[in-house]
Structure formats: structure tokens, C-alpha cells
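Me: I have a structure open and some short questions about it. Can you take them one by one?

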Amino acid sequence: MAVVQDVHGHGHDDHHPTGIMRWVCTTNHKDIGTMYLWFSFAMFLVGGFLAMGIRAELFMPGIQILEPELFNSFTTLHGLIMVFGAIMPAFVGLANWQVPMMIGAPDMAFARMNNWSFWILPVAASLLVSSFFVPGGAAAGGWTFYPPLSTQGGMGVDMMIFAVHLLGASSIMGAINIITTILNMRAPGMTLMKMPMFVWTWLITAYLLVLVMPVLAGTVTMLLTDRNFGTSFFNAAGGGDPILFQHIFWFFGHPEVYIMILPAFGVVSEIIPTFSRKPLFGYSSMVYATASIAILSCVVWAHHMFTVGMPTVGQLFFMYATMLIAVPTGVKVFNWTATMWRGSMTFEVPMLFSIGFIFLFVIGGFSGVVCAIVPIDIQVQETYYVIAHFHYVLVSGALFAIFGAVYYWLPKWSGRMYDEKLGKWHFWLCMFFFNLTFFVQHFLGLAGMPRRVPDYALQFADFNMVSSIGGFGFGLTQLLFLYIVIKCIRSGEKAASKPWDGGTTLEWTLLLLHHIIALKHLQSLSNSVREVWIHRAIKLKK
Amino acid sequence: MSHGTGHYYVPSPSKWPIVGSSALLFLAFGAALTMNKVEPGYWMLAIGFAILTYLLFGWFGEVARESESGKFGEQEDKSFRWGMSWFIFSEIMFFAAFFGALYYMRQLSVPWLADMEHQLIWPGYTGGWPTAGPGITETFTPMGAWGLPAINTMLLLTSGVTITYAHWALKKNDRSGLKKWMLATVALGIAFLCCQIYEYGHAYADLNLKLTTGAYGSTFFMLTGFHGFHVTVGTIMLIVIYFRCAAGHFKPEHHFGFEGVAWYWHFVDVVWLVLFIFVYLL
């Protein structure tokens with residue numbers, strides 16, 4: 001790791017704290033990226049622990065382990081922690097590591113604020129986790145915390161509200177940083193339409209974040225004042241409406257799911273060309289597709305609420321708008337497939353995860369179109385079908401892409417190679433157990449098993465047992481991932497600066513640049529001289 | 001690029017972020033405990049605010065010193081512009097959530113509560129705006145638009161003009177004009193806040209209009225309250241800029257600290273105009 005960090009030198013002129021304070025005070029985007037990734041993995045384990053609790057309770061009919069109230073807290077906090085604590089920070093961690101390197105920037109635009117965006121997260125996480133231990137327990141109204149359930153609840157709900165405020169603030173700061181870095185810090189010659197797809201998807205994601213995170217902050221603020229100060233936003237007796245909450249929440253919530261998947265698209269769009277040894281098929285259509293998805297995502301929110309009682313015109317609009325998203329998404333899937341077409345493909349672990357991503361994400365996409373159809377949605381609303389749908393999108397979509405990204409860039413980050421054989425085991429175990437867990441949930445949902453209930457009718461017993469076995473397997477498999485990463489960092493074989501011969505983006509040329517001229521000196525050169533060298537590096541890359 | 005060091009300024013490791021996070025830790029836990037009437041909550045809030053104050057002085061002071069020592073060149077300046085623009089955009093979206101709630105209540109939920117079906121639950125409720133909703137029977141008088149709020153509109157609009165005069169003075173390197181117009185802007189901001197505090201007192205004492213007055217009270221106080229909070233923050237920022245001007249900071253061609261605050265002040269101004277129309281006037 002040291003090598004990489006020196007190469008990508010900084011203009012730091014003062015003292016450098018050591019030990020723990022090095023991490024606490026750091027302004028280096030790589031340190032911060034590393035902290036984001038480890039934090040998100042820790043949260044992934046916490047959220048995973050809650051998932052194991054849920055699956056253990058659902059292993060058999062009847063109440064065995066978790067009282068219903070605690071079960072509800074588990075599902076609520078599982079959702080919140082996985083969405084805000086695991087998936088989102090993981091992508092921000094990837095952005096921190098990769099965006100400056102991929103666009104040839106010295107660091108993030110606001111390096112100190114970057115550090116703060118990270119260090120807000122542990123505060124929010126401690127609010128969420130410790131809310132289990134306050135009187136009344138953690139929030140139990142589901143990760144969407146609809147009122148009136150969330151206007152009841154105890155102190156745990158207030159803690160959750162403040163946690164969401166903080167997570168939102170962190171995301172907004174992170175997003176502003178990423179936008180500014182991309183718009184203002186690109187190396188000369190790196191025009192917008194030459195940027196790697198990962199950078200593009202993050203730029204668009206960051207716009208979505210500044211658009212919707214403040215709306216979430218507004219929503220939870222209304223919830224807070226309804227709970228504690230007697231306002232009536234979500235109280236019909238005062239002229240408000242609980243449905244109002246759902247509208248504002250999903251105005252945030254639907255773009256939020258694209259916030260979690262667009263960077264995944266970006267990762268896959270980097271990995272597939274590398275291992276197909278072909279440039280990405282249809283680069284500009286990929287950019288426009290990403291932008292279309294982001295824009296459409298802001299006008300489909302009410303498909304989460306078809307059953308609340310809405311005018312038919314409204315249902316039709318949101319149904320068609322939702323289905324329209326399948327078009328740009330289809331463009332992407334087509335382009336990835338066309339990139340592989342007649343490529344000289346190899347199947348290293350990042351590629352396996354990317355191909356797994358395409359297969360399973362398409363299943364999740366299709367079940368999403370199914371859910372978008374109003375009459376069907378009215379049937380499957382609040383059932384395990386919806387659970388299956390969004391886990392196909394978020395686990396085999398977002399999470400698989402994160403795994404792929406870690407395997408893809410770990411050699412760059414650590415300077416060492418991961419164990420390919422173990423990585424392949426990790427992938428295949430993930431594939432097997434993931435499908436075992438969630439595929440059967442489609443059947444459960446279609447048969448009518450409601451979500452967020454700790455007990456179920458006897459006819460659901462077999463599939464639930466299968467799903468739980470899959471869930472435990474999937475959870476244990478992630479310990480293997482932890483082992484692989486630690487083994488790689490500690491004792492992996494030394495990796496070349498460009499371990500993948502098909503890699504074309506700028507981060508792989510960093511050491512090359514280093515050999516031409518020590519970057520330490522580069523820092524002290526005038527801008528114009530530095531530009532010439534960077535130009536040369538970009539040319540070399542081509 | 002007269003100043004700047006030839007490469008992008010990346011600050012050295014800093015304690016401020018973690019100081020900020022510890023302030024947030026105390027504030028968040030303190031607020032959660034206070035709202036649930038648990039004793040140490042107040043103390044935690046107080047500690048949180050103390051750390052926050054230390055943070056604001058420390059962090060912004062450091063940035064001001066960096067700026068004055070010429071560390072920020074053109075590219076850094078551009079970063080600040082992008083950053084501030086998107087920050088203000090995020091603030092607009094925050095207010096949009098509350099304006100959206102106002103729209104929804106006025107146009108949708110209140111009429112629904114007064115329709116035929118709901119007569120079973122709320123017999124005799126006729127809807128209409130302003131309303132405290134069908135279940136809150138206390139009567140209240142809504143806030144009129146053409147008294148104090150109209151004066152407040154004038155105050156804020158005028159302050160938008162005075163800060164522009166200050167900006168022009170700064171660009172012409174007219175330091176005494178700069179300070180004079182800055183002082184005028186600060187005074188107008190404070191006058192606005194005083195009027196707003198008086199209006200709240202009037203609402204509670206004479207109009208029986210409270211935060212708990214259903215849909216009207218919720219939207220009125222949350223929108224004007226958050227706006228007032230932003231004016232307070234903006235005024236503090238203006239005061240800081242005034243003292244920086246007095247200390248000789250900013251140059252005619254390099255003064256983003258000033259401009260950022262001016263942008264923020266205009267944003268607060270525009271939000272007020274929208275608020276004046278939709279909360280007071282209509």
C-alpha cells in the first residue's frame with residue numbers, strides 16, 4: 001500500500017500524525033477510502049447478523065427466538081444498516097479510492113471535508129446500534145419508518161431519526177465533494193466524454209444524492225416534530241396525512257435505489273471491458289442511459305404505494321414511467337453483453353462477479369417490471385415477492401458489484417494479489433447460497449406470505465427452511481471474503497502495477513508515470529510542465 | 001493566477017473533522033435524550049454546542065488563514081464555487097420537502113378530510129384553508145400578510161441590495177464603503193430577525209396560533225422557523241465577514257469567502273419570497 005500512496009503524492013507540507021491519529025486526521029483520499037470500505041464491511045457484518053436473526057426465527061413456523069417486537073426491530077435495523085451503513089459507504093469508499101486516480105486528480109477537491117464525511121458515519125452507526133438498548137428498543141416500523149408506527153415508538157425512533165440526519169449530511173458532503181472533484185480536477189485532456197464509466201456513474205449518482213438526501217432530511221424532521229413537538233404533518237386529525245410521509249419518503253427512496261445501483265453499473269462497465277479485452281461497447285449510449293435512469297428515477301416514486309388508494313391516472317402514470325426505466329437499463333445490459341461478444345475473455349474473480357451481476361440483476365430487473373404492473377403489485381405488495389425482488393437488485397446487484405470492485409482493485413490498493421482460487425470459491429458459494437436464499441422467496445411471495453411478520457402459516461414452512469439454510473450459508477461465506485482480503489493484504493503475492501492486461505483506465509498507469517518521473521518532483525513543477533507529463537501518460541495508456 | 005502555489009492545495013491532516021464528529025455525537029444523543037426527558041440530555045446538548053462553537057471558530061479560522069496566506073489559486077476558487085452552489089441546491093431541496101408538504105395538505109389532504117366519505121368520521125368538517133384540521137377544535141387567527149411580514153419582505157429585499165453595494169465596493173477596493181454596506185446588511189438581517197421573533201410572540205399570545213395548530217400551524221412555523229434559522233446562520237456569517245473585512249481580508253479580485261456568504265444571503269432572500277407568497281399571501 002505504501003508504494004501506491006507515495007506515488008500518488010500530496011502537497012502535504014506539515015506534520016503527519018502516526019498511529020491511530022493518522023487515520024483519524026487524514027486528508028488522503030486513499031486512507032479515507034480504506035476507512036469507508038472497512039466501515040462498510042463492519043456494518044455489513046452487523047446488518048448480516050440481524051439478517052441471520054431474521055432467518056433463524058423464520059427457520060420454522062412459530063415464535064422460537066425473537067419476540068415479535070424484537071423481530072420487527074431486526075428487520076428495520078437490518079434494512080437501515082445495510083442501505084445506509086454497508087452499501088452506500090462501500091460505494092463512497094470506491095469513489096474515494098478510484099475517482100481521483102481515474103481522472104488524474106491529486107486528491108478529492110475538499111480533502112478535510114472528505115474526512116468529516118467519513119467520521120460522521122460511526123456517530124450515526126452508534127446511534128443506530130445503541131438504540132437496541134434504550135427503553136422501548138430500536139425502531140420497529142420497518143426501514144421505511146412509515147407513520148403512524150414511527151410516530152408511536154420510543155426513544156429508539158428518535159435516535160434513528162438523528163442517525164438518518166447524520167447519514168444524510170455525510171452523503172451530501174460526500175456527493176458535493178465528488179461532483180466538484182470530477183468537474184474541476186480532471187487532468188488536462190480528460191474531457192467529460194473520455195471519463196471512465198465508473199466516474200460517470202458516480203457523477204450522476206452524486207447529483208441524485210444532493211437532490212434527494214435533503215428531502216429525506218426534511219421528512220425525518222417532520223417525523224421528529226410530529227413525535228415530539230405536536231405538529232400534524234402525518235396526523236389526519238390535524239389536517240395532515242400519513243400518506244404524505246410515503247410520498248416524500250419515496251421521492252427520496254426511489255432515487256435512493258438508483259444511488260445504490262448506478263455506481264454498480266459503473267464498476268461492471270469497468271470490469272467487463274478489462275476481461276473481455278475490448279473497449280466498452282456503446283460508451284456514449286451508456287452515459288446517456290445512466291442519465292436517463294437517474295432522471296426517470298425521480299418520477300416513479302408512487303409505484304411503492306399503489307395500494308394506498310390513488311387515482312387510476314396516477315397509477316397508470318407511475319406504472320408506465322416505471323416500465324420505461326427498463327429501456328435504458330436494457331441498453332446497459334445489451335452493451336455489457338455486446339462488449340463480451342467475441343472478446344478474448346478470461347474469468348478471473350472480478351469478471352465472475354460481473355457476469356453473475358448481469359444474470360441476477362436482470363432477474364431482479366424483471367421482477368421489478370412485474371411489480372410495476374399495478375394489478376400484480378396489488379397482489380404482491382408487502383409479500384416476500386417484493387423482498388425477493390429487491391434483494392436480487394441490491395445483493396446480487398449492488399453487493400456483487402462491490403465484491404467485484406474489491407477483487408478488481410485490491411491489487412492496486414494493496415500492491416498484492418488476492419488468492420484466485422479462494423476468490424472463485426467465494427464467488428460460487430455466493431451464487432449458490434444467494435439463489436438458495438432468495439429465489440424461493442418469489443414462490444413464498446406469490447403464495448401470499450407477508451413480509452415483516454415473525455410467524456407464518458404451515459404451508460410456507462419448507463421454502464422458509466430452504467431460504468434460511470441459504471441465508472446462513474451466504475452469511476458464513478462472507479467470512480471467507482474477510483479471510484481472502486486479510487490474506488491478500490498480509491501475505492499476497494506482489495502484484496504488478498497493472499495486474500490486468502486488459503485494464504485501460506488511468507489508475508493502472510500511475511506507477512508507469514512514476515517511473516518516468518518521480519511524482520515528488522512533479523508536485524514542485526509548474527502546472528504547465530506537469531500537464532505535459534500527464535498528457536504523455538494518457539497517451540502511453542492509449 | 002497571482003496567488004496559489006502551482007498545484008492544488010490539499011490540506012495536511014486535520015483534527016477538525018473528528019472534533020466536528022464528537023460535537024455531533026453529543027448533540028445527537030443529547031437531543032434524543034432531551035426529547036425523551038432523560039436527565040443527562042441537557043448536559044450533553046450543552047457540551048455538544050460548546051464543541052460545535054469551538055469547531056466553527058477553529059475550522060473556519062483555519063480556512064480564512066489559508067486563504068489570506070495565498071494558498072488558494074484559481075482552481076481552488078472554482079472548487080469552492082462548485083461546492084457552495086451544490087450546497088445551496090441541497091438547501092433548496094430541503095425547503096422543497098416542506099413546501100411540498102404544504103402543497104399536499106392544502107390541495108389534497110384537507111379537501112379529502114372534508115369530503116363526503118369523511119363526514120362519517122369528522123361530521124361537519126368543511127375543510128378550507130387555513131385550517132387546524134378536523135380533530136383540533138381550538139380556534140385561531142391566521143397570520144396576515146400585509147403587516148409585519150410585508151415589512152420583513154422589504155427588509156430582506158433591501159438587504160439583498162446593500163450586500164450587492166458592499167460587493168461593488170469590495171471590487172472597487174473601497175474599503176470604507178465595503179464596511180458601511182456590510183454593517184447595513186447585518187443591521188437589516190438583525191431587524192428581520194427581531195420582527196420575526198415579535199411575530200411569533202404575537203402569534204402565540206394574541207392569535208392562538210401555535211406549532212400545535214394542526215396543518216396551518218405546522219407548516220407556518222416549520223417553514224418560517226427553518227427560514228428564520230437560515231437567516232440567523234446567514235447573519236452570523238455576515239457578521240464574521242464584516243469582521244474579516246475590518247481586519248483587511250479579501251482582495252478586489254479574490255474574495256470567495258465574501259461571495260459565498262452573499263450567495264447564501266440571496267438564497268435566504270429568495271426562499272423568503274416564495275414563503276411570503278405561499279405561506280402568508282395565498
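Me: What is the handedness of the crossing of α5(A) and α6(A)?
Reply: That crossing is left-handed, meaning the near helix is turned anticlockwise from the far one by less than a right angle. Helices here are DSSP runs of H or I, at least four residues, numbered from the N terminus.

Me: Which residues of α5(A) and α6(A) make the contact?
Reply: Among them are A:W116, A:I120 and A:L127 of α5(A) and A:F162, A:L166 and A:M173 of α6(A). Contact means heavy atoms within 4.5 Å.

Me: How many of those are nonpolar, polar or charged?
Reply: The contact has 15 nonpolar, six polar and no charged residues. Ala, Val, Leu, Ile, Met, Phe, Trp, Tyr, Cys and Pro count as nonpolar, Asp, Glu, Lys and Arg as charged, and the others, Gly among them, as polar.

Me: OK, is this model predicted or not, and what is counted?
Reply: It is a predicted model, where local features need pLDDT of at least 70, side-chain atom pairs count only at pLDDT 80 or more, and totals for chains, interfaces and linings use all residues. Residues are numbered from 1 along each chain, chains are lettered from A and ligands numbered from 1 in written order, and side-chain values use heavy atoms, without hydrogens and water.

Me: What does chain B average in pLDDT?
Reply: Chain B averages 94, and 98% of its residues score at least 70; pLDDT is the predictor's confidence in each residue, from 0 to 100. Over residues 1-5 of chain B the pLDDT is below 50.

Me: And what are the ipTM and pTM?
Reply: The model scores ipTM 0.95 and pTM 0.93.

Methods
Helix = DSSP H or I, 4+ residues; strand = E, 2+ residues; numbered from the N terminus.
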